[in-house]
Amino acid sequence: VGKVENELPETKVGFISIKPSPSRWHLLAQLQKTNALIKAYCDEKENLTYIDVYTPMLGEDGRPIPSLFLQDSLHMTPKGYLIWNKHVEPFLKDKP
């Protein structure tokens, strides 16, 4: 981010949150802390946007929606990528 700010100061950067993969659920506290720190950093920067894909990938029970992940419980299915598209696309379209 620092290099982009120095060399391309008008460039907007989008940071996609860490997704809630079932296979990494044991790392939940670290994942949430990391996402919170990155969001706070993005909130301080004018040209940096935090894109939350974590929250919309959770079900009503607060756990990852199984149908969004392949059998390895890490990589996403097309349904998972649809959620990403829905949340990343507005950032990409918000360009001059």
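## Close-up views of a predicted model

**View 1. A salt bridge within helix α3 links E89 and K93.** E89 is partly exposed, since its relative accessible area is 41%. The model shown here and in every other view is predicted. The side chain of E89 meets that of K93 in a salt bridge, with 3.3 Å from N to O. Both residues belong to helix α3, and because they are four residues apart, about one helical turn separates them. K93 has a relative accessible area of 62%, so K93 counts as exposed.

**View 2. Stepping back, here is the whole chain.** Three helices and two strands make up its secondary structure. Following the sequence, you will meet them in the pattern α-β-α-β-α. The C-alpha trace spans about 40 × 25 × 20 Å along its principal axes. Of the 96 residues in the chain, 27% are buried. If you take the contacts between residues at least 6 apart in sequence, 62% of them join residues at least 24 apart.

**View 3. Strands β1 and β2 lie parallel to each other.** Strand β1 covers residues 13-16 and strand β2 covers residues 48-51, and four bridges pair them. To find your way into the pairing, start at V13, whose bridge partner in β2 is L48. Between the two strands the chain passes through helix α2 (residues 28-44), giving a β-α-β crossover that is right-handed.

**View 4. Nine residues form the largest nonpolar core.** Its members are I51, V53, M57, L68, F69, M76, I83, V88 and F91. Helix α3, residues 78-93, supplies the largest share of this core, with three residues. The grouping fits a broader pattern: in soluble globular proteins, nonpolar side chains tend to be buried together. A good residue to centre on is F91, one of the core members. Setting aside neighbours within four places in sequence, F91 is in contact with K12, V13, G14, T49 and I51. Among these partners, V13 belongs to the bridge pair with L48, while I51 is itself part of the core.

**View 5. N35 is a buried residue of helix α2.** The relative accessible area of N35 is 6%, which is under the 20% limit, so N35 counts as buried. A polar atom of the N35 side chain lies 2.9 Å from the backbone nitrogen of I18. Which residues does N35 touch, not counting those up to four places away in sequence? They are S17, I18, Y50 and Y54. I18 therefore appears twice in this view, once through its backbone nitrogen and once in the list of residues that N35 touches.

**View 6. S67 sits in the loop between β2 and α3.** Is S67 buried, partly exposed or exposed? With a relative accessibility of 37%, S67 is partly exposed. Leaving out residues up to four places away in sequence, S67 touches T77 and K79. For a sense of distance, pick the C-alpha atoms of S67 and A40: they are 30 Å apart, while the two residues are 27 places apart along the chain.

**View 7. E5 and K45 are joined by a salt bridge.** A search of the whole structure gives three salt bridges, and the one between the side chains of E5 and K45 has an N to O distance of 3.3 Å. E5 is in helix α1 (residues 2-7), whereas K45 is in the loop between α2 and β2, so this pair ties together parts that are 40 residues apart in sequence. Both ends are partly exposed: E5 has a relative accessible area of 34%, and K45 has one of 25%.

**View 8. K39 and D43 form a salt bridge inside helix α2.** The closest N and O atoms of K39 and D43 are 2.9 Å apart. The two residues are four places apart in helix α2, which is about one turn of the helix. K39 is partly exposed, at 37% relative accessibility. D43, by contrast, is exposed, with a relative accessible area of 54%.

Key: Residues are numbered from 1 along each chain as its sequence is written. This is a predicted model: local features need pLDDT of at least 70, side-chain atom pairs count only at pLDDT 80 or more; totals for chains, interfaces and linings use all residues. Side-chain values use heavy atoms; hydrogens and water are left out. A nonpolar core is a set of buried Ala, Val, Leu, Ile, Met, Phe, Trp, Tyr and Cys residues joined through side-chain atoms within 4.5 Å. Buried means under 20% relative accessible area, exposed over 50%, partly exposed in between (1.4 Å probe, protein chains only). Contact means heavy atoms within 4.5 Å. Two strands pair if DSSP finds at least two bridges between them. A crossover is right-handed if, with the strands pointing away from the viewer, the path from the first strand over the helix to the second runs clockwise. A polar contact is a pair of N or O atoms within 3.5 Å; within protein, one must be able to donate a hydrogen and the other to accept it, and residues adjacent in sequence count only if both atoms are side-chain atoms. A salt bridge is a side-chain nitrogen of Lys or Arg within 4 Å of a carboxyl oxygen of Asp or Glu.
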